[in-house]
There are 2 protein chains.
Amino acid sequence: MSEHISRRKIFGLGAAGVAAAGAGAIAARSLLAEPPVVHASSTSGAFPFYGEHQAGIVTPAQDRLHFVAFDVTTTRREELTGLLQEWTAAAARLTQGRDAGASGAVGGPPEAAPDDTGEALGLPASGLTLTVGFGASLFDDRFGLAARRPAALADLPRFPGERLIPEISGGDICVQACAHDPQVAVHAIRNLARIGFGKVTVRWSQLGFGRTSSTSRAQTTPRNLMGFKDGTNNMKLEDDDLVRDQLWAAAEDGADWMAGGSYLVTRKIRMTIETWDRTSLREQEDIFGRDKNEGAPAGKKNEFDPVDLAAMKPDAHVRLAHPTAHANAHLLRRGYNYVDGSDGLGRLDAGLFFIAYQRDPRRQFVPVQMSLAKNDPLNEYIKHVSSGMFACPPGVRDAGDYWGRQLFA
Amino acid sequence: MSEHISRRKIFGLGAAGVAAAGAGAIAARSLLAEPPVVHASSTSGAFPFYGEHQAGIVTPAQDRLHFVAFDVTTTRREELTGLLQEWTAAAARLTQGRDAGASGAVGGPPEAAPDDTGEALGLPASGLTLTVGFGASLFDDRFGLAARRPAALADLPRFPGERLIPEISGGDICVQACAHDPQVAVHAIRNLARIGFGKVTVRWSQLGFGRTSSTSRAQTTPRNLMGFKDGTNNMKLEDDDLVRDQLWAAAEDGADWMAGGSYLVTRKIRMTIETWDRTSLREQEDIFGRDKNEGAPAGKKNEFDPVDLAAMKPDAHVRLAHPTAHANAHLLRRGYNYVDGSDGLGRLDAGLFFIAYQRDPRRQFVPVQMSLAKNDPLNEYIKHVSSGMFACPPGVRDAGDYWGRQLFA
């Protein structure tokens, strides 16, 4: 068995990205290849894994998602920290387009199970980021973490109208995998689950496509499954002041181990698209407060024209969620569209997997969502069916560091 | 509301394809644009809709799938044929990167529901193909079609080990949407479901990614979720004799309306990937009869080296399925990997959505699958949970023709 996986012409989506970026510049997945150069504008390159903050937050939103929530089954603290170290090492490799383990899918002894599952052999890094977070349930007596639970990780209140399914909500640890190729995102989550065998189990997982927000001004605004541009006024990585003040947690917030981290809220929002699709264009536009074609706010012509709240209906979605209605609260959203087949009642099971990062959900997500849950006419067409909240620690500094080291220190 | 949707910088996956092909050459979705030029090598161009055969069969397999099976709820034959005509007109538009209807997502009167749902505004054709098929259940007394059921559309036998779930099996009509952008594939299926409201309901639907077979020699061989190259010896569009003899139905087969059509078998094959991932590399390779890295048959060095069956274990997957074991029976496979979240038991719900086209399942899929179901050691790691079989009629010749015209004539 060769230890060297030859570079090969990559197939599928990746091929387009490679063609765009120049095939010669990209290293395909290989045991010995150097990490690929970062190509922010390509769909095949790699983002750096090490840094002050975790990648996958302000990183320009990739097009595909595999999100997983694990429950920890071991009760031994050393096993948990050992797993976090193993995961960190694997994530450092996977995000650079390498195999999950040192011998890889085909480089180990034939009598052993490979330390990579192989379905991403030959595929480039594809912009993969892996972002970890710790749920409130981890901060119990099992691991001695009760006193370290951040105040900002307060339980979410019950929102009017939500119909949460416990089996697909919560979780001790989450990992968000974003990439431009779903095979690469799935491969990463699957290998983390493989590594965690006997210590964690998959509580729930969600695939998504068609990112529904931009996180950089270099990106165009995508559309959600209601056909509207989504996230026009999203917090973006270029918004230095907002990012500093409203995205990253700081030591003075109370939980020093979270300095440089961020709080993640997920909501799976099922849409009754069949009903929406029979609603008039005018009603759709009134509900959002934007026009469907350009995404311009009511009364304006272009997407990025300043919002004139007075030109909208009092309960327009944009108006209810606007920062001026919530003490200037902003969110960094990076959600995805989903279709989970059909629902057994003749309808597609489709909607938005909402993802938002912020410094303190108590002052950001919660008041905004409470206002929407109470007043938004969009509620006629949507239903929140799952919820998650996770404290995402700061970035991994170098190969000696690991996910959550500050928490367990 | 403008009737003209301006060309805009497209986002996401499409952007890579456009960059590769030259943005100027591609028409973004627009009411008035000319159909985009065919770019077989780009991920944004369009495939022709009209032709002797339906597109989406020998078409080089695109990277994303949304497959849907409908049950017909109307009992009126005229409503059914009317729907097929409406669907055909929409499919002719959608596959060329246009809106589903003439006024589109934003061009109609504001007091009416739009005739396109809008989430693909600004996206290119993305290689979309839409392929229709008729299930055995359509050939009952409701529409007077009982006498027109092709002999080749015989019910599949019960295969050992299968655990079929009726709710996600069968269906009166299927539509296979393949594209390079999942948002485009989902948009197409969703709009067909919207058009069919009151006449059909969605019985089941399945998303897939990472095509698991090539259908052209111009494509590299992709990998399934077991990490192996899949479909190395698949029937390919360049195999003129095989395509003529084993893919397309002919008038002399008995059902003259199917001449130029093909029979589709779908099988959702759940993999217990957690168990597979703990199996040794040697056992994995013995089971398939190929090496995991190159995909070379046992005892050979390169993927496309001639297969030496004697070098494999007697029950190797490649050997059991080989044409020489089944009177030279070939299939044109174009399946997809899937991950449907998790299964509530701590595992990912993942596997292969198998799709195969052929001239006569009684002589092709059935004997091959019966041999595999009885003898393949791979069965320890897989389970067939859904099954479908559909008669896919010949292609639509021109704008005066429609899906299934020959059947209802």
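Tutor: UniProt annotations may be inferred rather than shown by experiment, and their positions are given here in the numbering of this model. The model itself is predicted.

Student: Which residues of chain A does the annotation "domain: Dyp-type peroxidase N-terminal" cover?

Tutor: According to the UniProt record, an unreviewed entry, that domain spans residues 54-209 of chain A.

Student: How much helix and strand does the chain have over residues 54-209 of chain A?

Tutor: Helix makes up 21% of that stretch and strand makes up 21%. The C-alpha atoms at its two ends lie 21 Å apart.

Student: What rotation superposes chain A on chain B?

Tutor: A turn of 180 degrees, with 0.0 Å of shift along the axis, brings chain A onto chain B at an RMSD of 0.0 Å. The two copies are therefore related as by a two-fold rotation axis.

Student: Through which surface do the copies meet?

Tutor: Of the interface residues of chain A, 100% are interface residues in chain B too, so the copies meet through the same surface.

Student: How many disulfides does the structure hold?

Tutor: A disulfide is a covalent bond between the sulfur atoms of two cysteines. Over all chains, this structure has zero disulfides. Cys178(A), for one, is in no disulfide, and the nearest cysteine sulfur, in Cys174(A), is 11 Å away.

Student: Why is Cys392(B) not bonded to Cys174(B)?

Tutor: A disulfide needs sulfur atoms within 2.5 Å. The sulfur of Cys392(B) has its closest cysteine sulfur in Cys174(B), at 5.1 Å, which is too far for a bond.

Student: Are Cys178(A) and Cys392(B) buried or exposed?

Tutor: Buried means under 20% relative accessible area. Cys178(A) has 0% relative accessibility, so Cys178(A) counts as buried. Cys392(B), with a relative accessible area of 0%, is buried.

Key. Residues numbered from 1 in each chain as written. Chains lettered and ligands numbered in written order. Predicted model: local features only at pLDDT ≥ 70, side-chain atom pairs only at ≥ 80, totals over all residues. Heavy atoms only, no water. Least-squares fit on C-alpha atoms with pLDDT ≥ 70 in both. Contact = heavy atoms within 4.5 Å. Buried < 20%, exposed > 50% of the residue type's maximum accessible area, 1.4 Å probe, protein only. Helix = DSSP H or I, 4+ residues; strand = E, 2+ residues; numbered from the N terminus.
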